[in-house]
Amino acid sequence: MQKEIESHPFPAILPPNATVMMMGSFPPKEEKRCMQFHYPNFQNDMWRIYGAVFFDDAEYFQMKGEKRFDPERIKAFLYEKGIALCPTVRKAIREQDNAADKFLTIVEAVNLAEVLPQVPQCRWLFTTGGKATEILLDLLPEKVKAPKTNEFIAYPYPNRQLNLYRLPSTSRAYPLSFAKKAESYRTFFRLAGLIEK
């Protein structure tokens, strides 16, 4: 039986003023989503980390009293701050019917030549886990070594100086405390000039 090829369900968020672009892999299946937006699993801490880092409030993007996040509030924030959000995966097969990166077969990766011209000020790409990092590095004509978590490398791209920074996954399956993950993201956003020193 042929396995289903799924397309990424959410369009990239590309604020024209973006200086950084967050790049993950593939969202969970429909039944695990609390909203129709990137990082939609309520158990994933991505938007709690953003709330903690930028507003000192892990529940900042949560709908009051509900087990879901507010996609409109998140999107408005991303546009205001100049943070682009673009998946590394356009089409994939879920080999185990779940969202785990290790069981994801990539059918089509992101086309950076289409995306980057829409964010001309972007100088930082940052990935949220190993799979997204691997996919981006595979797009380069010459092979370079992947950065370790919480480190970055120059990402040689025609006509633009880019850096690729690797951050820890915000999945609760990733064995690191919420506080340490938030500190990793805070350190990156300081470096990228999006929060005060």
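**Note on the predicted model: sheets, helix packing and selected loop residues**

1. Asn159 has a relative accessible area of 85% and is therefore exposed. The model under review is a predicted one. Asn159 belongs to the loop that links β7 (151-157) with β8 (160-166). Its phi is near 65 degrees, a positive value in a residue other than glycine.

2. A second positive phi is found at Asp56, where the angle is near 55 degrees, again in a residue other than glycine. Asp56 comes just after α1 and sits in the loop between α1 (46-55) and α2 (71-81). With a relative accessibility of 70%, above the 50% limit, Asp56 counts as exposed.

3. Helix α1, which precedes this loop, is mostly covered, with 9 of its 10 residues buried. The buried residues are Met46, Trp47, Arg48, Ile49, Tyr50, Gly51, Ala52, Val53 and Phe54. Arg48, a charged residue by class, is thus listed among the buried residues of α1. The elements against which the buried residues of α1 pack are the strands β2 (20-23), β3 (83-85) and β6, together with the helices α2 and α5 (178-191).

4. The packing of α1 on α2 merits a separate description. The two helices pack at an angle of about 50 degrees, and their axes are 12 Å apart. This angle makes α1 oblique to α2, because it falls neither under 35 degrees nor within the range of 65 to 115 degrees. The crossing of α1 past α2 is left-handed. On the α1 side, the contact is made by Trp47, Tyr50, Phe54 and Phe55; on the α2 side, by Ile74, Phe77, Leu78 and Lys81. By class, these comprise 7 nonpolar residues, 1 charged residue and no polar residues. Residues three or four places apart in an α-helix point the same way, because there are 3.6 residues a turn. Trp47, Tyr50 and Phe54 of α1 are among the residues in this contact.

5. One sheet in the model is open and has 5 strands in the order β3-β2-β6-β8-β7, with mixed pairing. Its edge strands are β3 and β7, each of which pairs on one side only. Direction ignored, neighbouring strands of this sheet are turned by 25 degrees against each other on average. Within the sheet, β2 and β6 pair in the parallel sense over 4 bridges. Val20 has Trp124 in β6 as its bridge partner. Helix α4 (residues 130-138) lies across β2, β6, β7 and β8, and runs at about 155 degrees to β8.

6. Another open sheet has 3 strands, arranged in the order β1-β4-β5 with antiparallel pairing. β1 and β5 stand at the edges, each with a single partner strand, so one side of each is left without a neighbour in the sheet. Strand β1 (residues 6-7) is joined to β4 (residues 89-94) by 2 bridges, and these two strands run antiparallel. The pairing of β4 with β5 (residues 104-109) is likewise antiparallel and extends over 5 bridges. A row of residues can be followed across this sheet: Glu6 stands opposite Ala92 in β4, and Ala92 in turn stands opposite Ile106 in β5.

7. Val119 offers a contrast with the two loop residues discussed above. Val119 is likewise in a loop, between α3 (112-115) and β6 (124-127), yet Val119 is buried, with a relative accessible area of 0%. Leaving aside residues up to four places away in sequence, Val119 touches Leu14, Pro15, Ala18, Ala84 and Arg160. The C-alpha atoms of Val119 and Met63 are separated by 30 Å, and the two residues are 56 residues apart along the chain.

Conventions. Residues numbered from 1 in each chain as written. Predicted model: local features only at pLDDT ≥ 70, side-chain atom pairs only at ≥ 80, totals over all residues. Heavy atoms only, no water. Buried < 20%, exposed > 50% of the residue type's maximum accessible area, 1.4 Å probe, protein only. Pairing = 2+ DSSP bridges. Axes fitted to C-alpha atoms, helices over the stretch in contact; angles between N-to-C directions. Parallel < 35°, antiparallel > 145°, perpendicular 65-115°, else oblique. Left-handed = near helix turned anticlockwise from the far one by under 90°. Contact = heavy atoms within 4.5 Å.
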